[in-house]
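Please open the model in your viewer and keep the selection panel at hand. The stops below each name something to select and then say what is there.

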Amino acid sequence: MSDQSTGSGGAPEERVPAMQRLLDNPFLLLFMGVASPAVLYLIWGVMELSQIPLSP
Amino acid sequence: MAITPPQNRLWWKEPLSGVEITWIGVAFIWGLVMFGTMVSWHFVGKQNLSNETYRIDPNAFGEKVEAMTERYQVREEGDTGVPVVRPPPGSDIYMLSRLWEWWPVLELEKDQTYRLHLSSMDWQHGFSLQPQNINVQVHPGYDMVLTITPDKSGEYAVVCNEFCGIGHHTMVGKIHVVDKK
Amino acid sequence: MAVDTQAPSRGFIGASYRTCPETGLKVCSQAEALIKVNAVVAVVFLAVGGLFGLMVALTRWPAVHLLPADWFYLLLTAHGADVLLFWIVFFEVAVLYFASAIILNCRLAAPKFAWLAFVLMVVGAVLANIAVLQGESSVMFTSYVPMQAAPHFYLGLIVFAVGTLIAVFCFFGTLVIAKEEGSYEGSVPLVTFGAITAAIIAVFTLASGAIILIPTFLWSVGYISHIDPLMYKIIWWGMGHSSQQINVSAQVAIWYAVAAMLLGAKPLSEKVSRMAFLMYILFLQLASAHHLLVEPGVSSEWKIFNTSYALYLAVLGSMIHGMSIPGAMEAAQRRNGFNNGMFEWLRKAPWSNPAFSGTVLSIVIFGFLGGITGVIMGTEQLNLIMHNTLYVPGHFHATVVGGTTLAFMAITYLLVPLIFRREIVFKKIAQWQPYVFGAGIAGISLFMMGAGTLGVARRHWDIGFADAAMSFDYPATAFLMMGLNGIAAICAALGGLMFVLVVVASVFFGKQRTAESIAAFPTLPKTGSAETVTSYGSESHVKLPGTIVLVSVFFVAFVLYYYVNWKYLSEVWPLS
Ligand code: HEM
Ligand SMILES: [Cu+2]
Ligand SMILES: [Cu+2]
């Protein structure tokens with residue numbers, strides 16, 4: 001935890017880890033948070049409904 | 001604090017305490033156990049839904065119910081004279097729901113298996129078998145098939161537990177389970 | 001929405017600020033005004049909807065049986081809509097503005113749109129209420145097709161949803177402004193991150209709502225001939241259940257906020273808490289499948305995967321918050337000097353401060369009553385013995401009332417002095433309010449769940465079946481449960497009334513906060529811990545024996561009750 005520069009100093013900074021950058025990006029998260037249920041819940045679910053067979 | 005930005009710019013690199021790691025591990029494993037329980041009940045458990053469903057026109061469903069009723073009716077029951085039907089074990093049996101009744105009354109033999117078809121003629125209804133407390137949703141236009149094996153004899157009520165209008169609380173049907181004669 | 005985000009950073013024309021004397025934060029006056037109006041309207045809907053709830057509960061008390069059937073179903077519809085949608089969402093919009101503009105120390109994006117959002121939401125909510133009270137739309141707030149409501153019922157909900165969506169965009173716009181103008185450094189605070197989670201879930205929620213409500217509206221006016229009931233249900237619950245997940249995220253954010261504001265608690269680990277929120281973003285919304293577990297036409301694969309939030313990863317998120325919030329409180333209290341034994345930190349906590357007690361009760365009721373039962377009901381097969389019984393309302397009164405509503409009440413006790421800048425009046429009533437409300441709600445949850453275990457149907461006017469052609473008698477215990485539920489409902493309603501009384505009286509008649517009163521009764525006590533703790537790292541981790549005991553008790557209760565229910569299930573008729 002030696003690195004305490006906060007960006008204004010201009011000192012060479014340690015790269016922000018990828019996972020932290022993801023969590024700092026609300027719009028990427030927004031995309032993921034809408035895509036996940038849209039595919040796994042809605043689209044998959046509606047596909048199943050559309051495949052219900054007619055009564056013999 | 002939680003209402004100020006993290007003090008440490010690279011908070012991702014902070015180490016975790018042992019308590020946290022342990023709790024995360026416990027919670028994760030418990031999640032897998034619950035997931036596994038649900039999946040394995042399909043193999044070892046006796047109470048599962050069949051996933052067998054067909055699209056059906058409500059009138060077509062109504063005709064099937066009528067046909068069964070005509071064939072196997074044994075008597076009438078209740079203030080309104082609902083037919084009581086005793087179809088042979090192993091057969092396809094039907095119960096329809098409509099505003100505001102379950103029709104007809106079924107009489108089944110204990111420990112025999114039946115293929116019970118449920119559908120609605122109008123709105124959604126809730127099939128709530130009491131006092132067993134087995135509850136499934138009934139839709140118009142869909143024929144849901146449950147393979148049931150009543151294992152206790154007695155008189156069972158079918159209460160409607162999906163709100164279906166002003167007569168909802170008067171919608172009660174019956175299933176009798178009788179010992180083999 | 002980004003129209004005026006291009007204004008020169010800081011001093012742009014039109015944005016006026018005051019500096020908060022208690023926190024030193026810059027408070028955007030537009031954000032402040034919008035927080036006020038949204039919160040006030042929210043409380044109005046809580047008061048109205050809560051009254052309806054009491055009347056519904058008194059009707060379900062067989063010995064009282066207050067309302068006739070048509071009024072019962074009408075007011076039950078209004079109760080669901082007013083509290084679940086309108087109270088909660090108006091308040092949530094206030095929380096979003098607070099967590100963005102106020103906490104990030106910046107101006108609100110597009111205030112004109114935020115006002116438009118507010119107006120649309122009010123119009124929509126009033127329209128839907130009119131439709132219900134006119135009596136042609138007693139369809140329950142779920143409005144399952146093919147049962148049909150009056151067109152303006154659906155229209156009201158659509159207008160309300162559009163308004164909410166605009167408000168959510170204003171929130172995202174504010175995040176952009178804050179970043180561009182550099183009003184904070186590094187990453188957003190955890191509370192804001194929780195609000196981001198809520199807002200993301202809100203986008204999916206509102207999109208699902210639009211997909212299903214617009215065709216349903218067209219169907220009600222005759223442009224569309226048929227809406228498939230299963231299709232409706234899948235998409236409707238994409239909205240209906242996801243909206244509950246907005247509540248969960250917002251309420252967890254509030255738990256963190258109150259712990260920070262009152263105790264100086266800081267998250268044990270930013271990383272862990274944010275990953276827990278990420279689990280919410282990715283998986284929480286899948287649980288909309290909870291409502292389709294005994295439906296025809298969807299496969300067990302779909303049901304199991306979705307109902308388990310993809311292998312219970314979102315439950316993992318909740319369990320993480322469930323330990324990291326008490327853990328953060330314990331750590332803060334121990335640093336504040338309450339270091340004796342296992343639980344001195346808890347005993348010496350500010351229990352007479354309703355913001356604190358409300359938060360703790362919210363955590364406990366949500367976790368023990370709401371959370372555990374939710375996971376159990378959301379188990380594919382276990383749902384068979386619970387679906388549409390009173391167990392369901394029992395469960396969600398623990399989550400959305402004991403959890404969310406109580407958390408919102410708790411933070412209101414901080415918003416009144418900070419945002420409305422008024423003293424809380426009737427301090428004694430305020431002090432008792434969370435306990436009275438919490439006890440009542442815990443009561444109605446438990447008694448409704450008890451009745452549900454005995455098979456009693458939800459949304460049902462007469463469990464005696466007096467007018468039915470065939471008879472059935474629920475066990476006598478079920479009637480007892482419904483009576484106890486009525487008594488608990490009176491207690492809950494009293495707690496609700498106390499809240500409304502304190503808030504309305506404080507906001508409209510409370511004394512203005514002055515420098516002296518701020519010094520004498522600071523809203524945010526100086527705990528000293530926030531500044532003094534060292535940076536993160538293992539050396540600064542305190543031991544948390546109390547939290548370990550608490551989460552262990554929780555875990556044991558969870559596991560036991562889970563398997564008890566499998567035992568119940570195994571006793572019913574075999575079906576396959
Ligand atoms: C004084 C406080 C309250 C009391 C006494 C109360 C009581 C009740 C009762 C007895 C029911 C009917 C259960 C049934 O017959 O199916 C009900 C339903 C419901 N309540 Fe409450 N409630 C209260 C507050 C709230 C709050 C604050 C919320 C939301 C934040 C809420 C959300 C709901 C919902 C969504 C329903 C379901 C409506 C439906 O089935 O369509 N309640 N409540
Ligand atoms: Cu019905
Ligand atoms: Cu019904």
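Begin by selecting chain C, where 67% of the 576 residues count as buried (under 20% relative accessible area; exposed is over 50% and partly exposed in between, with a 1.4 Å probe and protein chains only). This is a predicted model, in which local features need pLDDT of at least 70 and side-chain atom pairs count only at pLDDT 80 or more, while totals for chains, interfaces and linings use all residues. Residues are numbered from 1 along each chain as its sequence is written, chains are lettered from A and ligands numbered from 1 in the order in which they are written, and side-chain values use heavy atoms, with hydrogens and water left out.

Staying with chain C, colour by secondary structure to find 17 helices and 2 strands, which are DSSP runs (helices H or I of at least four residues, strands E of at least two, numbered from the N terminus). Along the principal axes, the C-alpha atoms of chain C fill a box of roughly 70 × 60 × 45 Å.

Next, select ligand 1 together with C:H79 and C:H397, whose NE2 atoms coordinate the iron atom at 2.0 Å; donors here are N, O and S atoms within 2.8 Å of the metal (3.2 Å for Na, K and Ca), and because water is not among the atoms, sites may look incomplete. This pair links distant parts of the chain, since C:H79 sits in helix α2 (residues 69-102) of chain C and C:H397 in helix α12 (residues 391-420) of chain C, 318 residues apart. The arrangement around the iron atom is octahedral because its 6 donor atoms subtend angles of 86 to 179° (six donors qualify if opposite ones are over 155 degrees apart and all others between 65 and 115). C:H79 is buried at a relative accessible area of 14%, and C:H397 is buried at 13%.

Now move to chain B and select the copper ion (ligand 3), whose protein donors are B:C160 (SG), B:E162 (O), B:C164 (SG) and B:H168 (ND1), 2.0 to 2.3 Å from it. Its 4 donor atoms form a tetrahedral site with angles of 91 to 124° (for four donors, all angles must lie between 85 and 135 degrees). Add the copper ion (ligand 2) to the selection: B:C160 bridges it and the copper ion (ligand 3), the two ions lying 2.6 Å apart. Both B:C160 and B:C164 are buried, each with a relative accessible area of 0%.

Finally, select residues 1-11 of chain A, over which pLDDT stays under 50 (the predictor's confidence in each residue, from 0 to 100). Where pLDDT is low, the predicted coordinates should not be read in detail.

Key
Contact = heavy atoms within 4.5 Å.
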